[in-house]
Amino acid sequence: MENLIEELKAEIIEVLNLEEMDITNIDPDEPLFGDKFGLSSIDALELIVLLERKYNIKIESAEEGKKIFHTVRTMADYIMQHSNK
Amino acid sequence: MPGRVFITGIGIISAIGDNVAETLTSLIIGKSGIGKNTHIESQYKEIFPVGEVNKGDHELAGVLGINDIREYTRTSLLGMIAAKEALSDAGLTDISKAGTGLISATSVGGMHRSEMFYKDFLNNHSKGRLMNIIHHECGDSTEKIADILGVKDFVSTVSTACSSSANSIMAGARLIKNGKLQRVIAGGTDSLTLFTINGFNSLMILDKNKCRPFDDTRSGLNLGEGAGFVVLESEEMVIKSGKKPYCELKGYGNACDAYHQTASSPEGNGAYLAMKKALDMSSLKESDIDYINVHGTGTQNNDLSEGKAMLRLFNGKVPPFSSTKAYTGHTLGASGGIEAVISVLAMKENILFPGLHFTTPIKELGMIPVITVQTNCKVNHVLSNSFGFGGNNSSLIFSQS
Amino acid sequence: MKNPLSITTYCKIAGNKITVNGNVVFQGQKNIAFPDFIKQVYKTFDFSYAKFFKMDNLCRLGFAATEIALIETGILSHYNEGDIAVVIQNGSSSIDTDTEFRQTIIDRDNYFPSPGLFVYTLPNILIGEISIKNHLTGESTLFVTEKPDFPFLHTYTKALVQTGKTKACIMGWVDFDRHTPDRNDVQYEAFIYIVETKENKLNFEHTKDNIITFYQS
């Protein structure tokens, strides 16, 4: 699980162009869509693409995505639960 | 003191008709043009309905008397048909006698054809017909329209997403008011492409059903295609020719929402500012507006923020309004031009066109659009909204003298 | 009513070099690629704006030129947010990002359309980014033309000011053209100039000749 969290942090930085961050800046329990990262609705959609491309998990709507992407840890939990492929 | 600018001709082609007469018939009988996509081989063919122009590229070329379509993209053909109709409608046969310009708009340009090239090219770099990509740029469709109309004095292209052709009309009016030109054919054209179908789907704002603008259950937009142009003429030209114009372009406004690349601010700040600027310029009161042709794409975000802006501007007393995108689909760069023509038709016929597919008002707004066609209405002043990605918001006000 | 207009600053970015009012303010290495060059610019001018890194090349280019010009003039504190207009001309639309986005949809076996790229497949998003950062709610538009048409921009600026639509204008030509799918062969250029109705420290008369001279310098 911890490996997945570290892996996710690196993926998020790359996919969302968080140029000024590195994985030590990201607290796995900090809200991703709070003030710290300045993420927008487009970033949430990119995370949906990430989940499908890398983990083969399809998310049908942006609303569903909102809950899953609350923190890095909730993302990791979701992937662990749904990644049986 | 800048003079007045009038609309003397209109031309249109979209999913609801190939010309003004067919468009008006569809509007009156409530016939939506949204249905299954037939011209593009997309994996979403069975999933997302679109507002497609009925004719294929060869048929469109046939209308123009063009035999060899290799030089012409679908965007060009649509634009040429609508612009030609507008010029003819204005009764203009020789435009060389007065300074005449063309300002067109597009978002996809020749993308439809370049997609055909790219697919072949990617599989094998020696394949792919170059003729399919040399007309890709935005300016190409404008040049083709200028050529067929014979416009030489001034030609330009606006590209501001979904407000593009409304901005063309504003820019055209400005050139006339500044005495640079006497006449401008202004509007825009866009065709359906894999690029936009896939792109809008990646933003998750396409509806799998026919769109329901301003409805509480709305779940996105339907893409459309088409072209809409108006002929703008100076007061001097109108007096000289003795013709009766459709209406005056009495006011316009553009403002930036400055909030997000593609979403509108929750309170619709840019929309409010654009509408207010147009109203202030027209010297009309809020209560003078007889009909609003709203941007009304059917997305959760646009309709709510546009509705809030309208409630704020009209102090809760919003005039009759509707989105005609449930008829045509969202025609992107062409929408401002297409909806300008529809606004002119509303005034000409004294008819209010309905917002199709509407059943339940948005909870936060409680606003109900025109539901069935209303005839014999006083429609003297119409406000038309076009709001584009990038927060570019434009509003036009048309007035019958 | 007469509205005397002046150009109060201009910034040009081309060939990995930045000039402001004709003076070189930054020279990047000539042989480095644009993305690396523009990151150096970001750091050197300390934009401190994380959203910069979500932008595409066209937006980063235009944004950088505008930010540098804005710092120079201080116009943001002289005018209300609704009184600053933005009018840009561009030649290649968003071809750079269009090409990138198409890569994400063309292969059925590796089909992952990127919303973050799609958002930038419109050249006017550049104006959106400038406006979001600086909270500009005035008029804006973008014209696609083969080459910069400064006489037209000159007329347009006058029209906006004389009809009371705006009191200051951010004007210019921003283009990012690329010739091959693998992004090695790009041609970019940004020329932003600020026009004001108030006097500022640098005042060149707003004439077509001046605009052309500054662009060519």
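## Where chains B and C meet, and what lies behind

Start with a pair of strands that crosses from one chain to the other: β5(B) and β5(C), the latter covering residues 140-144 of chain C, run antiparallel and are joined by two bridges. V158(B) has F143(C) as its bridge partner there. Keep in mind that this is a predicted model.

Now widen the view to the whole contact between these chains. On one side 41 residues of chain B take part, and they are in contact with 35 residues of chain C. Seen from chain B, the elements that each supply at least two residues are α4 (111-123), α5 (138-149), β5 (154-158), α6 (164-177), α7 (194-202), β8 (247-256) and α9 (269-282). The largest share comes from α7(B), with six residues. As for chemistry, this side of chain B has 21 polar residues, 16 nonpolar ones and four charged ones.

Let's take α4(B) from that list. With 13 residues at 1.5 Å each, α4(B) should span 18 Å, and the end C-alpha atoms sit 19 Å apart, which agrees. Its buried residues are M111(B), H112(B), R113(B), S114(B), E115(B) and Y118(B). What do they pack against? In chain B the partners are α3 (74-89) and α7, and chain C adds its own α3 (95-103).

Next, the interior. In soluble globular proteins, nonpolar side chains tend to be buried together. Here the largest nonpolar core has 211 residues, and I7(B), I185(B), V230(B) and L232(B) touch the most other members. Helix α2 of chain C (residues 57-73) gives the most to this core, nine residues. Domain 1 (5-241) and domain 2 (247-399) of chain B both contribute as well, so the core lies between them. To see one of those well-connected members up close, click on L232(B): leaving aside neighbours within four places in sequence, its contacts include V5(B), I7(B), I169(B), I176(B), V184(B) and L249(B).

Finally, hop over to chain C and find strand β1 (residues 6-14). Seven of its nine residues are buried, so β1(C) is largely enclosed by the rest of the structure. Which strands does it pair with? Eight bridges tie it to β7 (residues 186-196), antiparallel, with S6(C) opposite E196(C). Two more antiparallel bridges go to β8 (residues 204-205), where I7(C) stands opposite F204(C). Four bridges link β1(C) to β2 (residues 17-20), again antiparallel, and K12(C) stands opposite T19(C). β1(C) and β2(C) form a hairpin with two residues between them, and G15(C) in the turn has a positive phi of about 55°.

Technical notes. Residues numbered from 1 in each chain as written. Chains lettered and ligands numbered in written order. Predicted model: local features only at pLDDT ≥ 70, side-chain atom pairs only at ≥ 80, totals over all residues. Contact = placed C-beta atoms within 7 Å. Nonpolar A, V, L, I, M, F, W, Y, C, P; charged D, E, K, R; others polar. Pairing = 2+ DSSP bridges. Core = buried A, V, L, I, M, F, W, Y, C linked by C-beta atoms within 7 Å. Buried ≥ 20, exposed ≤ 12 C-beta atoms within 10 Å, placed from the backbone. Domains from an automatic or database assignment. Expected span 1.5 Å × (residues − 1).
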